[in-house]
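Biologist: Hello! Could you walk me through how some helices pack in this protein?

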Amino acid sequence: MVARMSHSYRLIVSCPDRVGIVSRVSSYIAGHGGWITEANQHSDLATGRFFMRYEIKAESLPLSIDAMRDDFSAIADEFSMDWALSDTAMPKRVVLMASRASHCLVDLLYRWTAGELDCEIPCVISNHEALRALVEWHGIPFHHVPVDADDKAAAFARVEALVEEARADTVVLARYMQILPPNLCQRYAGRIINIHHSFLPSFAGAKPYHQAYARGVKLIGATCHYVTEELDAGPIIEQDIQRVTHCHTAEDLVRLGRDVEKAVLARGLRWHLQDRVLIHGNKTVVFA
């Protein structure tokens, strides 16, 4: 849905920090006539790890992306790099998952339709039928996969098959209220994004905003993170807060919380799609 203004290659690097990394990579790109339009670097002094993101005009290079991958591998080996090279002409395929709450899904579909999210959405998966009309109105296939509490394995086997059929690069839990099984978390490590309120672990379970209201909290917020086997404990991509006062009702907190959740999820997904998020253990480096 996005009208792309330019065609770029994105080079993402993580490696042990040492002298000469930027010089070597930049010289390699310049040696091929490459035009770097954006450059980001970060040295983690605590762990001695170096992170880099370069965006390069594709038309400035005489190499195809496959040829560049082959050519760059020698430098990657020299510096013991974990690295990836992506092509903006090939947008990521994003499967959205939701339950009954619609606010995050509606927001992402609007942003996708408006051209704010550079991706393809091959399908939406839900454990309820409530959002079918909304999804199909956007021309996107909707898959209803109910989750039987006594046989969750069968449901998630179907979910995994649908994600595989969709050739998904990324899965977004847009308020999908089921816990993914460990094998799915492992298979798509670093590629499943979740959003939740930031009251955990203080106000877990049903009606967290009402619990927070009863406690008299002054800040509400949301957290966007990658999904791991440990519930709601994966690497954080983005967070935000909204100040509240004694004048706000419980319903106000729910409304404001939804606004924060939508904005945080959209930012986190956009940064992921733009290859701006590098995972470092259970933390992230975000070149936003």
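**Helix packing, pair by pair**

Modeller: Gladly; in this predicted model, the axes of helix H1 (residues 21–31) and helix H2 (residues 65–78) come within 11 Å and cross at roughly 160°.

Biologist: How is H1 oriented relative to H2?

Modeller: The two axes cross at roughly 160°. Angles over 145 degrees count as roughly antiparallel. Therefore H1 is, relative to H2, roughly antiparallel.

Biologist: Which residues in H2 do Arg 24, Val 25 and Tyr 28 meet, and how does the contact divide into nonpolar, polar and charged?

Modeller: From H1, Arg 24, Val 25 and Tyr 28 meet Met 68, Asp 71, Phe 72, Ile 75 and Glu 78 in H2. Sorted by type, the residues of this contact of H1 with H2 are 5 nonpolar, no polar and 3 charged.

Biologist: Now to the other pair: why is H3 oblique to H8?

Modeller: Helix H3 (residues 103–113) and helix H8 (residues 250–273) pack with their axes 9 Å apart, at an angle of about 45°. An angle of 35 to 65 degrees is neither roughly parallel nor roughly perpendicular. So H3 lies, relative to H8, oblique.

Biologist: What is the handedness of the crossing where H3 passes H8?

Modeller: For H1 and H2 the crossing is right-handed. Where H3 passes H8, the crossing is right-handed.

Biologist: How many charged residues are in the contact of H3 with H8?

Modeller: His 103, Cys 104, Asp 107, Leu 108 and Arg 111 in H3 meet residues of H8 including Arg 258, Glu 261 and Lys 262. The contact of H3 with H8 has 5 nonpolar residues and 1 polar, and the charged ones number 6.

Note on methods
Residues are numbered from 1 along each chain as its sequence is written. This is a predicted model: local features need pLDDT of at least 70, side-chain atom pairs count only at pLDDT 80 or more; totals for chains, interfaces and linings use all residues. Side-chain values use heavy atoms; hydrogens and water are left out. Axes are lines fitted to C-alpha atoms, for helices over the stretch in contact, and angles run from 0 to 180 degrees between N-to-C directions. Helices (H or I, at least four residues) and strands (E, at least two) are DSSP runs, numbered from the N terminus. Angles under 35 degrees count as roughly parallel, over 145 as roughly antiparallel, 65 to 115 as roughly perpendicular and the rest as oblique. A crossing is left-handed if the near helix is turned anticlockwise from the far one by less than a right angle, and right-handed if clockwise. Contact means heavy atoms within 4.5 Å. Ala, Val, Leu, Ile, Met, Phe, Trp, Tyr, Cys and Pro count as nonpolar, Asp, Glu, Lys and Arg as charged, and the others, Gly among them, as polar.
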